[in-house]
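Student: I'd like to learn how to read a model like this one. Could you walk me through it?

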Amino acid sequence: MSQSGIERLLELVGSRCPLTKLSTDGYDGLKVSGMRFSIKAYHAEGLGHVSIMSASGFFGLMRMDTLIINPTQIDLPLF
């Protein structure tokens with residue numbers, strides 16, 4: 001199976017800043033208005049907090065992938 005664009009972006013961040021997976025208990029697998037959300041969170045050493053949120057629904061007709069980088073250890077804007 002090939003990697004999605006979001007997974008490749010996460011791999012790129014991880015190649016520059018070591019990632020430590022954080023718990024997403026209570027949020028991963030959340031279902032709202034017909035959409036199921038998959039959430040993963042990481043601490044990126046020297047950078048801050050990195051999250052991935054993927055959502056799919058409506059019989060596979062809709063899909064949304066989001067990568068969020070919240071820099072807390074260096075002075076950068078939220079990406």
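Tutor: Happy to; we will go from the overall layout to the strands, the pocket and the surface. Keep in mind that this is a predicted model.

Student: Which elements make up the protein chain, and in what pattern do they follow along the sequence?

Tutor: Start by listing the elements from one end to the other. Here there are one helix and five strands, and the pattern along the sequence is α-β-β-β-β-β. For the dimensions, the C-alpha atoms fill a box of roughly 40 × 30 × 20 Å along the principal axes. Of the 79 residues, 28% count as buried.

Student: Next, the strands. Which strands pair with β3?

Tutor: To read pairing, look for the bridges between two strands and the sense in which they run. Strand β1 (residues 19–22) pairs with β3 (residues 35–44) in the antiparallel sense, over four bridges. Within that pairing, Lys21 faces Tyr42 of β3. Strand β2 (residues 31–32) is also antiparallel to β3, over two bridges, and Lys31 has Arg36 as its bridge partner there. On top of these, β3 and β4 (residues 48–57) are joined by ten antiparallel bridges, with Met35 opposite Gly57.

Student: And what is the partner of Val50 in β5?

Tutor: That partner is Ile69. The two residues belong to the pairing of β4 and β5, which is antiparallel and has ten bridges.

Student: How many residues lie between the strands in each hairpin, and which residue takes a positive phi?

Tutor: For a hairpin, count the residues between its strands and then check the backbone angles. The hairpin of β2 and β3 has two residues between the strands, and Ser33 takes a positive phi near 50°. Between β3 and β4 there are three residues, with Gly46 at a positive phi near 85°. The β4 and β5 hairpin has four residues in between, and Phe58 in the turn has a positive phi of about 50°.

Student: Now for the largest pocket. What is its volume, and which elements give two or more residues to its lining?

Tutor: With a pocket, ask for its volume and then for the residues around it. The largest one here has a volume of about 160 Å³. Its lining includes Ser4, Glu7, Leu10, Lys40, Tyr42, Ile52, Arg63 and Asp65. The elements giving two or more residues to that lining are α1 (5–16), β3, β4 and β5.

Student: You named Arg63 and Asp65. How far apart are their closest N and O atoms?

Tutor: Side chains of opposite charge can pair when their charged atoms come close. Arg63 and Asp65 form a salt bridge, with the closest N and O atoms 3.3 Å apart. A search of the whole structure finds one salt bridge.

Student: Why does Arg63 count as exposed, and why is Asp65 put in the partly exposed class?

Tutor: Compare each relative accessibility with the cut-offs: over 50% is exposed, and under 20% is buried. Arg63 is exposed because its value is 58%. Asp65 is partly exposed because its relative accessible area is 31%.

Student: Last, which residues form the nonpolar patch on the surface?

Tutor: To read a patch, look at its members and the area they expose together. Phe58, Phe59, Leu61 and Met62 form this one, with about 550 Å² of accessible area together. Met62 sits in strand β5 (residues 62–71). It counts as partly exposed because its relative accessibility is 42%.

Terms used
Residues are numbered from 1 along each chain as its sequence is written. This is a predicted model: local features need pLDDT of at least 70, side-chain atom pairs count only at pLDDT 80 or more; totals for chains, interfaces and linings use all residues. Side-chain values use heavy atoms; hydrogens and water are left out. Patches are made of residues with over 30% relative accessible area and no salt bridge: like charges are joined within 9 Å, nonpolar side chains (Val, Leu, Ile, Met, Phe, Trp, Tyr) within 5 Å. Accessible areas come from the Shrake-Rupley method with a 1.4 Å probe; for residues, only the protein chains shown count as cover. A salt bridge is a side-chain nitrogen of Lys or Arg within 4 Å of a carboxyl oxygen of Asp or Glu. Buried means under 20% relative accessible area, exposed over 50%, partly exposed in between (1.4 Å probe, protein chains only). Two strands pair if DSSP finds at least two bridges between them. On a 1 Å grid over the protein atoms alone, a cavity is a set of points where a 1.4 Å probe fits but cannot get out, and a pocket is an open set with protein on both sides within 12 Å along at least five of seven lines; lining residues have an atom within 4 Å of a point. Grid points are joined across faces, edges and corners, and a volume is the space filled by probe spheres set on the points.
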